[in-house]
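Hi,

Here is the structure I said I'd pass on to you. Have a look at it first, then read my notes below.

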Amino acid sequence: MAGRIRVLDSANRTMQRVGFLKALAALVNESETSNLETLGKRFIARVTQRTKLVPPYDDELKEYARTRLTDGAYRELRKKIMEDAGPAGVELQDVYLADKSLPSSTGKLVQADWRRYPYLATSLEIVKKGTYSGLTRSLVLLAVTPKEELAAFGNLDRQNNPMRISECQAIVLLYCFLDNDAAVALPLLRALIGSGERFDERFAGDLLPEILREVIASHAKRSLPVEERDRLSMLGKIATSVSKWKGKAYTGSGAREEAARVRLEPYCDLGLLRKPNREKFEYEPNDSARALISHYAKAADIDAFLQNGFFAAIAAGRGIKARPANDDEAIKALADAGQALKSTLGYTPLSDVGLLAGTRLLTERDSILELGHAVDLLKALQKRDPSFVRFTVDRMGTLAYVKFLKTERGG
């Protein structure tokens, strides 16, 4: 497996519905820099805001209260909802998670764990570690998120439930997960699909130690910087910690469940897994998951798949009869994405420009523009028309950033 180590770097990660990442993306773009405490507390305050509801309460909320609000802290609230016993202050997230159009009702966030929640966004390269500021990928997510959904984190709006994930959002977020965890997520999905139709998180968790050790072995002989060596060492410790749970009774918590849940629940939101029962941690793969793994199996490695097979896999999984984007529509989509994402200096990561352009082309025009082809197209265009586009390189000398000098060729 070539390239960087694409593994989420902690098993001790609180699972959250990926819809919450929209709120985090918005928050980190409201100020230039932050810190963990400021961001974590602002985030949890935003998603736990309350709205006043009056009886009679709908059946969805009653079912949610019965199955999810079981902690003693919610005793009075639960009683009011279940018995229509007067007005109640209900957290917006609870109203949204009760919505039966969602694939799962789990994932409620709690005040006490505010410190843990930003880490998923930093691991997905939506938020920058250390400064807790917005990376360009947060702007990609915001570019496919209606303002009404962001506003719904402040005022109840069932029509624009931000926990729902649109087609565009699912593509962007799936890329975020695979770009940072494909070395575990793809082999895990492949093994789960091969095991049969239904599985639970205990079964999935028991598969993880071997997958993690294979990742370690594939990178161990490479020349790696100290930071990456430290990551491999940490992955070894995680594999050992998770393996200690193998064969033990299911408890709903612990290293095995934590390592598995963050690799299962988000994929329900993203349309790769479904839950026969919204309340339980049991899953079934669907056609999108099978198409993803089928296309991945044809690629030379993970990098090749993400660069040259990702959008084709998405199209196949969703039954879209897509065609390759022609050069003119691809260049226009790339230029529009560059304008939407450009920094104060005008430069934008090539991968993010390609991700937004490719997502829009697939969902709006049923056409495919793979990230690798987008880069090749822009390089060729730069040679033909240097006044249209310009590049810069990263620390390793690799072409990494693009700047569009004009919005249209010949303009």
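**A hairpin and two loop residues**

Let's start with the hairpin of β9 and β10: five residues lie between its strands, and Gly-397 has a positive phi near 85° there. Keep in mind as you look around that this is a predicted model.

How do the two strands of this hairpin pair? Strand β9 covers residues 389-393 and strand β10 covers residues 399-404, and they run antiparallel, with five bridges between them. If you want a spot to zoom in on, find Arg-390, which sits opposite Lys-403 in β10.

Next, go to Ser-34, in the loop that links α1 (20-28) with α2 (36-47). Is Ser-34 buried or exposed? Its relative accessibility is 17%, and the cut-off for buried is under 20%, so Ser-34 counts as buried. Leaving out residues up to four places away in sequence, Ser-34 touches Leu-39, Gly-130, Thr-131 and Tyr-132.

Now try Lys-246, which is also in a loop, this one between α11 (226-243) and α12 (255-261). Lys-246 has a relative accessible area of 55%, and exposed means over 50%, so Lys-246 is exposed. Which residues does Lys-246 touch, again skipping those up to four places away in sequence? They are Asp-206 and Arg-256.

One last thing to check on screen: pick the C-alpha atoms of Lys-246 and Pro-118. These residues are 128 apart along the chain, and their C-alpha atoms are separated by 29 Å.

Have fun exploring!

Key. Residues numbered from 1 in each chain as written. Predicted model: local features only at pLDDT ≥ 70, side-chain atom pairs only at ≥ 80, totals over all residues. Heavy atoms only, no water. Helix = DSSP H or I, 4+ residues; strand = E, 2+ residues; numbered from the N terminus. Buried < 20%, exposed > 50% of the residue type's maximum accessible area, 1.4 Å probe, protein only. Contact = heavy atoms within 4.5 Å. Pairing = 2+ DSSP bridges.
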